[in-house]
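Please work through the exercises below with the sequence and the model open beside you. Try each task on your own before you read its solution.

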Amino acid sequence: MAGNHLSFYETVNVYFEKAAALLDYPRGLLEQIKACNAVYAIQFPVRTSRGYEVFEGWRVQHSHHRLPVKGGIRYAPEVNQDEVMALAALMTYKCAIVDVPFGGAKGGVRVDTKQYTEEELQHITRRYTSELVNKNFIGPGIDVPAPDYGTSAREMTWIADTYMALNPGQLDALACVTGKPVTQGGISGRVEATGRGVYYGLREACDQADEMKALGLARGLAGKRVVVQGLGNVGYHSAKFCQEAGCVIVGVAERDGGLHRPQGLDVDAVVRHQKERGTIREFPGARTLTPTGAALELDCDILIPAALENQVTADNAPRIKARIIAEGANGPTTAEAEKILLDRGVLIIPDVYLNAGGVTVSYFEWVKNLSHVRFGRVGKRFEEAASERMLAAIEQATGRPFAEAERRQIVRGPDEIDLVNSGLEETMIGAYQQIREIKQRDARIHDLRTAAFVSAIHKVARSYLELGIFP
Ligand code: NAD
């Protein structure tokens, strides 16, 4: 990508070093936190309609300071080892920032999913999984994959099934992967979790009166003009939740073009149009943008890059008008672009914090699989009965009966989705405040990414020190 002279992994390490320079840890400990602990590169054959083809794949376990390690699997035509290492490192820092007790990992298979049938993708996924099983690179207590770019609940089902077939009778086998469909041991709310987390993080950021004033923006999300790049899992859900909160989605971008409509786009209508036509282009009432990158430079308050890394570069950063960049994707902003944007006073809400909703709810799914019980199953009725008794006592004391609708609303015990969303909201708000406090306490820290990395390094360092490896 023009203007980006560093690889993705190097970029992550630039961010790491910027934070590390502010801390007092021994160099050896910092090197250990930074290093990729295990890298497994494989080439495996799969028979497709074109005959036998050899696919290249990776699984990188960045940090073993906590086990299992965790991170998604990416299917993309350009994925490479450097990228998977960068993504694995981000997972370590991300988990630390939101207090999810895992080390970081990531997987990748170089495959253009559009060129293969569902059956072929299933063969590729199952073969990749069995390679991971063979090398002990997957397991509920070892390494737990999840969806990422180009994969979804469908691939996670194939992974779980392959793992279970190769590990018959293993009680916790379902916890070998997260992001499964709810009917296959998944958890309600995982599909939309990353986008919902992006929304909670943005809402929290926009709720800080001083910071919004400094940006020249009004407090609160309502009325903010938003552009979203990538209408996949993260982008679609981020756009949807922001729209529901009163944001105006003035632009969206997909691979083959962008859309601009200053009065706002209906995200669901755009997605329907895309399904019917195979493209978002020519959406009625909107201006179609070519090339798609032009959408990043639209007049807006918030830009949510939610496609891939290296999208905001030294090349386009000077033309970006958004006052807030909300990193839904991993690594969308190059280090050079970040400097330009920070100098212009843009608020960057970093990937390592903002897209942590996915791994947070994946953690809940893993806990659910290990406990073999759905969240809310045990307590729901008990809580409802307790609330009923409380209402009865209040009615007796006041002599005023509650209206039926009011009663139902107060008494209703939590379902799994309520608990998942509440846990996610608590996580995103708590982590934002931790990062913000780190930034406010140290005058040398001017941006949220450095504060987030400081938070991560402290937490990972603490656990290494507790392990006694670095006395
Ligand atoms: P996805 O495959 O569901 O969607 C990605 C979308 O981006 C696709 O619709 C694709 O067509 C589009 N796209 C690709 N190149 C584009 C371009 N140049 N311009 C505009 N659109 C483009 O993937 P996803 O799971 O939503 O992941 C997106 C990003 O979010 C990745 O960086 C991923 O690592 C990160 N992420 C994903 C999760 C998760 O839970 N899925 C969690 C954290 C971070």
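The exercises that follow concern a predicted model, and they deal in turn with the ligand, a cavity and some backbone features.

**Exercise 1. Describe the surroundings of the ligand: how many residues surround the ligand, and which are the closest?**

Solution. Begin with the count, which gives 22 residues around the ligand, and then pick out the closest, namely D148, T194, V234, E254 and N330. Next, sort the shell by class, where you should find seven nonpolar, 10 polar and five charged residues. Finally, ask where the shell comes from along the chain: domain 1 (38-184) and domain 2 (193-354) each supply at least three residues.

**Exercise 2. Find what lies by the oxygen atoms of the ligand, using the side chains of R74, R190 and T194.**

Solution. Start with R74, which has a polar side-chain atom 2.9 Å from an oxygen atom of the ligand. Then turn to R190, where an N or O atom of the side chain is 3.5 Å from a ligand oxygen. Last, take T194, which places a polar side-chain atom 2.8 Å from an oxygen atom of the ligand. As a further step, consider the surface of the ligand, which exposes 820 Å² when taken alone, and of which the protein buries 87%. The elements that give two or more residues to the shell around the ligand are helix α8 (233-244) and strand β7 (248-254).

**Exercise 3. Search the whole structure for cavities of 30 Å³ or more, and say which residues line the largest cavity.**

Solution. The search of the whole structure returns one cavity of 30 Å³ or more, and the largest cavity holds about 40 Å³ of space. Listing its lining gives F8, T11, V12, Y15, L90, G331, T333 and D351. When these lining residues are sorted by class, four are nonpolar, three are polar and one is charged. To finish, ask which element contributes the most to the lining, and you arrive at helix α1 (residues 8-20), with four residues.

**Exercise 4. Locate the cis peptide bonds at P68 and P291, and then examine the phi angle of E282.**

Solution. Take the bond between L67 and P68, which is cis with omega about 0°, and note that P68 sits in the loop between β2 (51-61) and β3 (69-76). Repeat the step for the bond from T290 to P291, which is cis with omega near -5°; P291 belongs to the loop between β9 (287-289) and β10 (302-305). Now move to E282, whose phi is positive, at about 60°, although E282 is not a glycine. Its place is in the loop between α9 (267-277) and β9.

How values were computed:
Residues are numbered from 1 along each chain as its sequence is written. This is a predicted model: local features need pLDDT of at least 70, side-chain atom pairs count only at pLDDT 80 or more; totals for chains, interfaces and linings use all residues. Side-chain values use heavy atoms; hydrogens and water are left out. A residue is near a molecule or strand if one of its heavy atoms lies within 4 Å of it. A polar contact is a pair of N or O atoms within 3.5 Å; within protein, one must be able to donate a hydrogen and the other to accept it, and residues adjacent in sequence count only if both atoms are side-chain atoms. Accessible areas come from the Shrake-Rupley method with a 1.4 Å probe; for residues, only the protein chains shown count as cover. Ala, Val, Leu, Ile, Met, Phe, Trp, Tyr, Cys and Pro count as nonpolar, Asp, Glu, Lys and Arg as charged, and the others, Gly among them, as polar. Domain bounds come from an automatic or database domain assignment. On a 1 Å grid over the protein atoms alone, a cavity is a set of points where a 1.4 Å probe fits but cannot get out, and a pocket is an open set with protein on both sides within 12 Å along at least five of seven lines; lining residues have an atom within 4 Å of a point. Grid points are joined across faces, edges and corners, and a volume is the space filled by probe spheres set on the points.
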